[in-house]
Amino acid sequence: MKKNYDIRFNPKRLSKEEVDRHKDFDALLRQYRPSSGKVKPLYRRMAFWMVAAAAAAALALLVVYTGTNFNASENDYAQQMSDYFTTRPFIDAPLDNVKPTFASYEVDVNQGGVFEYPSGSKLIVPVAAFTHEDGSPVTGEVTIKYREMHDFVDFFLSGIPMTYDSAGVRYTLESAGMIEIFAEQDGQKVNMAPDKSIDVELVSHVNMSPQLNVPPGYNIYKLDEEKRNWVYQNVDKMEMVDEDRLVDLNTDDNSPGLIIKKDYEEKLQAIQVSEEAELTAIEASYPKPKKPVKPTQADVSDYVFDLDFDDLKNPNASGELAKEQAELAEMYSQYEKMLWQLSADAGITSEELRDGFKNVSDIAIKKLDNRTYELTLQKADQSLKIKVNPVLSGSDYEKALADFNRDMAYFNERMQERETALQVKKDALNEKIAEEKRLALLDFEEKIAELQSKGHNYAATEEIIKRKVVNRFTARGFGIWNCDRPIPPDMLILTANFKSESGNSFTNKTAYLVDKSRNTVYRFLAEDGAKLNFNRNSQNLLWLITDDNKIAVFRPEDFKGIEKDAKTHEFVMQKIDKEIKEEKDVRDVLYL
Amino acid sequence: MVLFPFNDTQVTRWGLLTQRMSINLQISRTLVKKEGLMNSFRRTVSAEAMQSEWTEIQAAQSDPAMFRPLYNRYFEQIFNFVYKRTLNEELCSDIVSQVFLKAMQRLESYTFQGVPFSAWLFRIASNEVAQHYRKTQKNRVVSIEDYNLNSMFDEMETDDMAPFRSVLVNSLDELREGDLEIIELRFFEQRPFKEVADILGITESNAKVRTYRVLERLKKIMLKKVKSE
């Protein structure tokens with residue numbers, strides 16, 4: 001006889017791991033095509049075509065760009081460099097004998113404290129901020145180890161990469177100060193407690209034009225050594241320190257530069273306004289889940305009473321009131337016994353309620369917030385409004401608490417999902433804003449340069465000056481934190497070879513390049529046929545460490561000697577015959 | 001109308017409460033016996049969670065990438081649902097991909113009707129499974145765990161299950177697809193009536209009525225088979 005079903009008893013069950021093997025949302029998203037069966041509203045169709053047109057234009061630009069600037073050898077070198085650095089430690093200190101020095105602060109975990117670094121930076125450590133590896137709280141004293149890195153020598157010696165990969169583009173991070181922070185007890189590292197953080201006020205200097213009186217936009221990144229990348233955390237709340245002002249702005253109304261400066265400031269303001277609006281839109285695009293309300297346990301030492309739901313029910317309720325009543329009905333249906341207590345600001349004492357309103361002729365209830373209801377009691381011609389809270393007791397409370405804990409875990413999980421989803425958009429926005437600010441600055445500088453070419457004297461704008469700032473951020477974990485902004489690679493690309501003065505090639509070596517108008521260091525692979533991006537108009541310095549632990553340099557004046565239209569260049573590195581024993585020796589060589 | 005104080009006559013009050021609770025429990029037990037609510041106290045999704053989830057769905061309606069949290073949340077449930085109906089990991093994986101792809105494509109038309117989002121996904125999954133078996137003309141797999149049979153036999157009020165077990169497979173085979181599905185959801189997968197109703201897109205009371213009708217039908221088939229053996 002033909003069977004209709006294939007009935008199987010006690011089949012093999014799949015483990016979570018086996019199920020998870022098939023889970024791949026990104027693959028699904030790639031397959032996703034919006035449903036075509038439904039005619040979309042006109043504005044959506046227009047949006048589609050606008051996006052399509054933009055995509056086509058972007059593609060065309062990409063084709064032009066790749067046709068003129070990119071070729072296979074660049075890709076080969078990029079791959080070669082990537083392979084090389086993959087085999088190197090992610091944090092790759094170049095000189096074993098030059099060790100970083102950390103400041104130490106002893107913290108009583110029960111008191112926390114504020115600690116000041118010689119630079120003027122501050123660390124604000126809360127109480128009970130540390131846990132052991134197993135999650136248990138640390139008691140007693142903890143030693144916080146802290147160091148700051150401010151300039152290209154610091155970055156170079158630390159071996160910390162100053163590149164940031166985002167959406168397939170490699171940016172260099174220009175820093176406004178970097179810190180490394182961790183904590184120990186009896187020589188063992190301890191963790192930061194999950195709900196705690198250390199507030200950091202990092203005093204540093206940033207490069208900027210003397211004409212500016214607003215700080216450039218910087219972000220906060222934390223180094224993820226496992227993922228081998230920086231992870232965006234937040235916007236750097238940077239403030240300028242006024243007394244450090246080096247050049248007064250020319251505010252003379254007759255100054256042509258003033259209009260340019262005002263225009264630039266207005267642009268910055270517009271960018272900031274647009275950034276805030278877009279951030280708000282991003283937040284709204286993924287609404288926050290509703291936070292569950294923790295149930296309140298009945299305090300049996302106080303006055304607890306119960307109310308019959310039939311008495312509270314208003315059969316004529318409509319709209320919001322009907323919704324509130326439905327909620328209340330659900331509460332009553334979930335628990336064996338709904339109880340009530342006077343809220344702290346009830347406006348009446350327990351005794352007054354108990355003695356004066358034990359018998360009432362009518363009751364009405366209205367929700368004020370998630371925990372508070374307004375109860376109207378009618379007794380003869382007396383009417384009383386009091387604030388009450390729903391409370392639970394015994395197994396009801398246990399059940400409600402269990403429900404709350406489950407809902408809270410669910411809420412936390414979804415908040416986490418939300419944060420992760422929003423972070424991608426925020427990162428993209430930050431990059432966009434940074435680019436807009438960069439373009440605004442570029443425009444400003446070009447206009448000033450134009451004025452100069454017409455004979456106006458704006459000598460000060462030719463210089464990049466250091467302005468003292470305080471970077472404020474919250475460190476929610478130990479590690480390396482960086483206040484910085486991503487800068488795209490310079491467009492000038494040279495094919496480079498590196499040789500010693502005696503003609504020997506430097507290959508398969510880490511080399512470093514600094515543009516002195518940027519507070520960063522670019523780490524790359526010195527190899528025959530290396531592709532080097534740099535800004536011809538800046539003060540550039542290139543160096544590497546020789547096999548005998550000396551520094552070989554290619555100085556800014558040497559860069560000036562590179563022919564204007566050159567596509568290739570042989571960098572002859574000058575070895576400095578100075579033994580490198582400590583940081584000062586490095587500074588002596590690189591700051592010559 | 002009296003406001004019952006809870007603490008001034010605490011002992012008496014607790015006594016009263018206990019008495020009331022015992023009455024409530026009696027009522028519950030009657031309901032359990034009468035309506036088979038044995039497992040239906042398990043809450044599925046709270047009203048708050050559903051409301052909150054609706055905001056996520058709206059976000060995903062305007063940006064498919066925002067579907068990720070919903071996918072992550074329900075992937076395992078949907079996978080297990082389909083797996084029990086296929087018992088083939090790779091086939092199951094393909095069907096589940098189709099389920100989520102269709103969900104994303106149809107999300108624009110989804111409106112919140114006070115039913116968990118998962119129910120909508122289960123409905124799509126159920127249709128996809130049915131479609132697969134229609135196309136391949138193979139017999140649909142029905143997975144049964146031994147220990148889940150007891151609750152079904154309890155509901156049938158059969159004291160001696162042994163003779164029924166031997167005819168169960170042949171009897172189930174005589175059920176229509178829709179009838180078997182309701183037995184599968186309710187007893188083989190131990191889902192509360194509310195969830196069964198949500199998945200089938202019917203009311204909870206309708207789900208109960210249909211379940212008992214199918215149970216009656218199944219019982220008759222089984223009795224007939226036992227007698228003829």
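Against which elements do the buried residues of helix 7 of chain B pack? In this predicted model, they pack against strand 1 (5-9) of chain A together with strand 2 (140-144), helix 6 (146-155), helix 8 and helix 10 of chain B. The buried residues in question, within a helix that runs over residues 162-172, are B:Phe164, B:Leu168, B:Ser171 and B:Leu172. Seen down the axis of helix 7 of chain B, these buried residues fall within an arc of 95°, so they line one face of the helix.

**Contact between the chains**

Strand 1 of chain A also takes part in a pairing across the two chains, for this strand and strand 2 of chain B run in the parallel sense over five bridges. Within this arrangement A:Arg8 stands opposite B:Ser143, a residue of strand 2 of chain B.

Taken as a whole, the contact between the chains involves 56 residues of chain B and 49 residues of chain A. On the side of chain B that touches chain A, at least two residues each are supplied by strand 1 (4-5), helix 1 (10-35), helix 2 (47-62), helix 3 (68-84), helix 4 (89-106), strand 2 and helix 7 of chain B. The residues of this side of chain B divide into 30 nonpolar, 14 polar and 12 charged.

**A helix pair in chain B**

Helix 8 (residues 177-188) of chain B and helix 10 (residues 204-228) of chain B, both of which are also packed against by the buried residues of helix 7, pack with each other at an angle of about 110°, their axes being 10 Å apart. The two helices, helix 8 of chain B and helix 10 of chain B, are therefore roughly perpendicular to each other. From helix 8 of chain B the contact draws on B:Asp179, B:Ile182, B:Ile183 and B:Arg186, which meet B:Arg210, B:Thr211, B:Val214, B:Arg217 and B:Leu218 in helix 10 of chain B. By character, the residues of this contact of helix 8 with helix 10 of chain B divide into four nonpolar, one polar and four charged.

**Chain A**

Chain A holds 12 helices and 27 strands, and of its 592 residues 24% count as buried. Among the contacts in chain A with a separation of 6 or more, residues 24 or more positions apart account for 71%.

A:Ala183, found in strand 8 (residues 169-185) of chain A, has 23 C-beta neighbours inside 10 Å and therefore counts as buried. Leaving aside its neighbours within four places in sequence, A:Ala183 is in contact with A:Phe130, A:Val142, A:Thr143, A:Ile144, A:Lys145, A:Val190 and A:Phe478. From C-alpha to C-alpha, A:Ala183 lies 8.6 Å from A:Tyr146, although the two are 37 residues apart in sequence.

Most residues other than glycine have a negative phi. Two residues of chain A with a positive phi, neither of them a glycine, are set out in the table.

| Residue | Phi | Loop of chain A | C-beta neighbours inside 10 Å |
|---|---|---|---|
| A:Ala128 | about 50° | between strand 4 (122-125) and strand 5 (130-131) | 15 neighbours |
| A:Asn549 | near 65° | between strand 25 (540-545) and strand 26 (551-554) | 13 neighbours |

With 15 such neighbours A:Ala128 counts as partly exposed, and with 13 such neighbours A:Asn549 likewise counts as partly exposed.

Definitions and conventions:
Residues numbered from 1 in each chain as written. Chains lettered and ligands numbered in written order. Predicted model: local features only at pLDDT ≥ 70, side-chain atom pairs only at ≥ 80, totals over all residues. Axes fitted to C-alpha atoms, helices over the stretch in contact; angles between N-to-C directions. Helix = DSSP H or I, 4+ residues; strand = E, 2+ residues; numbered from the N terminus. Parallel < 35°, antiparallel > 145°, perpendicular 65-115°, else oblique. Contact = placed C-beta atoms within 7 Å. Nonpolar A, V, L, I, M, F, W, Y, C, P; charged D, E, K, R; others polar. Buried ≥ 20, exposed ≤ 12 C-beta atoms within 10 Å, placed from the backbone. Arc of directions from axis to C-beta. Pairing = 2+ DSSP bridges.
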